[in-house]
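Here's a quick tour of a protein model for you. Take a look at the picture first, and then we'll walk through it bit by bit.

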Amino acid sequence: MSEFANIDKYPFTICPLSAEDGGGFLIEYPDLPGCHSDGDTPEQAIVNGRDAVRSYLLSCRKHGDTIPKPSSPAASSGQFRVRMPKSLHARLVAQAEREGVSLNMLMVTAAAHIVGRHETSTARKRPRSGRAA
């Protein structure tokens, strides 16, 4: 049962879903092919994602499949510094205030949206394989 202690150690990505895809947020686990879930908010996607990981691991155990070990982040600190024109910075701060979020959250959401759009368009070009949880 020790693999279940590692549920929170599996890295994941979260990206916003378009209205066309039902809205909300998609969570995917690169170490667990086909393991994904979603939620109305990023927080709900994480809760639902934990259930998906649990189901994935139970399925591996049931079918005698090897349980993948969580990968470790490749020297990623989760931080980077960006220089931009003061006018752009002011516009971003104003947008964050209008949305009632921090500038950091606005930028993370925007980055996740861009990456998600790219990954979604790439995924549509190739068939998905693996176990769905």
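How many bridges join strand S1 to S2, and do the two run parallel or antiparallel? Four bridges link S1 (residues 13-16) to S2, and the pair is antiparallel. Keep in mind that this is a predicted model.

**The strands**

- S2 also pairs with strand S3 (residues 36-39), again through four bridges and in the antiparallel sense.
- Looking at partners across the strands, Ile14 sits opposite Ile27 in S2, while Leu26 has Asp38 in S3 as its bridge partner.
- Within S2 (residues 25-28), Phe25 and Ile27 point one way and Leu26 and Glu28 point the other way.
- That fits a general pattern: in a regular strand, side chains alternate between the two faces of the sheet.
- Those four S2 residues, Phe25, Leu26, Ile27 and Glu28, are all buried.

**Helix H1**

- H1 is 22 residues long and stretches 31 Å from its first C-alpha to its last, close to the 32 Å expected at 1.5 Å a residue.
- Its buried residues are Ala45, Gly49, Ala52, Val53, Tyr56, Leu57, Ser59 and Cys60.
- These buried residues are on the same side of H1 because they cover an arc of only 155° around the axis.
- S2 and S3 are among the parts that cover the buried residues of H1.
- Flip to the face turned away from that buried side and you'll find the exposed residues Glu43 and Lys62.
- Just after H1 comes Gly64, with a positive phi of about 70°.

**The nonpolar core**

- The largest nonpolar core has 14 residues, and the ones touching the most other members are Tyr10, Tyr29, Leu32, Cys35, Val53, Tyr56 and Leu57.
- S2 and H1 (42-63) each supply at least two residues of this core.
- H1 gives the largest share, with six residues.

**The cysteines**

- As a reminder, a disulfide is a covalent bond between the sulfur atoms of two cysteines.
- A search of the whole structure turns up zero disulfides.
- Cys60 is in no disulfide, and the nearest cysteine sulfur, that of Cys35, is 9.1 Å away.
- Cys60 counts as buried because its relative accessible area is 1%.
- Cys15 is buried too, because its relative accessibility is 7%.

**A spot on helix H3**

- Ala110 lies in H3 (residues 103-125), and its relative accessibility is 35%, so Ala110 counts as partly exposed.
- Ala110 and Pro16 are 94 residues apart along the chain, yet their C-alpha atoms are separated by 9.2 Å.

How values were computed. Residues numbered from 1 in each chain as written. Predicted model: local features only at pLDDT ≥ 70, side-chain atom pairs only at ≥ 80, totals over all residues. Heavy atoms only, no water. Buried < 20%, exposed > 50% of the residue type's maximum accessible area, 1.4 Å probe, protein only. Pairing = 2+ DSSP bridges. Disulfide = S-S within 2.5 Å. Core = buried A, V, L, I, M, F, W, Y, C linked by side-chain atoms within 4.5 Å. Expected span 1.5 Å × (residues − 1). Arc of directions from axis to C-beta. Contact = heavy atoms within 4.5 Å.
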